[in-house]
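Q: Let's take a close look at the aromatic rings in this one. Here's the model.

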Amino acid sequence: FLVGAVLKQASEKWQDFVVAGVSDIDDARSIDLLPSDTHLTLFEREVSKGEHERELRRAVGGLLTDARRLYDLILIDSAPGLSVLTESWLREADFYISPTRPDYISTRGLKFLRQFRERDPDMGFAEPLGVIINMKDAHAPEDAQYEEWLRQDVENYCFRQPILRVSSLQAATRFAPRPRSYWAKYPGQTGASLRELAAELLGRLAMAQ
């Protein structure tokens, strides 16, 4: 879609690239996916080389405008760091969330993202919804110390529920041929933590809107 809409200036429809029915959980059957692939870095290189940043942001903005009319919630999963495409998403989306590992590099990344958001305010930027402490090792004292440090900074607006590094989450992308229950895929405390996190996210969205 992006190659056609941005580099070839063609009238591509993003709906033609959507994959339906991507959830393998029996009570979550209305999830669609607009997938990406490993060629995205090459695409971004062509955008920068041809100075197509304006066309890229226009394509991203048009996609989100259409999608808002069709979906209750749109989640954009971007790679760590800032690229030309990630910046376009951040400037066109309504909100952003920062999943952050409790370590030094991730905390420095939060500070950089905050500084980047304050640049060029006239260009627009998504509003922060908070920091999700992710991939925490429950048995590592260092992770607990970094979590405490993250929570002490009120600008991080950390979500109450941290997400622990567990095997069920590491294997979550493996699609099961037969639909399974939520609790079969995310058993025990992991499932409870994700439900609590989702409830807090929806609450913050309602307040922000």
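How many aromatic pairs does the count come to, and what do the rings look like up close?

A: The count comes to six aromatic pairs, where rings of Phe, Tyr and Trp (its six-membered ring) pair if their centres lie within 6.5 Å; planes under 30 degrees apart are stacked, over 60 edge-to-face, and the rest tilted. One of them joins tyrosine 96 and phenylalanine 125, edge-to-face with 5.9 Å between centres and 90 degrees between planes. That pair ties together distant parts of the chain, 29 residues apart: tyrosine 96 is in strand E1 (95-100), while phenylalanine 125 is in the loop between helix H5 (104-118) and strand E2 (127-133). Helices (H or I, at least four residues) and strands (E, at least two) are DSSP runs, numbered from the N terminus.

Tyrosine 96 is buried at 11% relative accessible area, and phenylalanine 125 is buried too, at 15%. Buried means under 20%, exposed over 50%, partly exposed in between (1.4 Å probe, protein chains only). Ring pairs link Tyr96, Phe112, Phe116 and Phe125 into a cluster.

Then there's tyrosine 182 with tryptophan 183: centres 5.1 Å apart and planes at 90 degrees, so edge-to-face. Tyrosine 182 is buried at 11%, whereas tryptophan 183 is partly exposed at 43%. The charged end of arginine 195 sits over the tyrosine 182 ring, 4.0 Å from its centre (NZ of Lys or CZ of Arg within 6 Å of the ring centre and within 35 degrees of the ring normal).

Bear in mind that this is a predicted model: local features need pLDDT of at least 70, side-chain atom pairs count only at pLDDT 80 or more, and totals for chains, interfaces and linings use all residues. Residues are numbered from 1 along each chain as its sequence is written, and side-chain values use heavy atoms, leaving out hydrogens and water.
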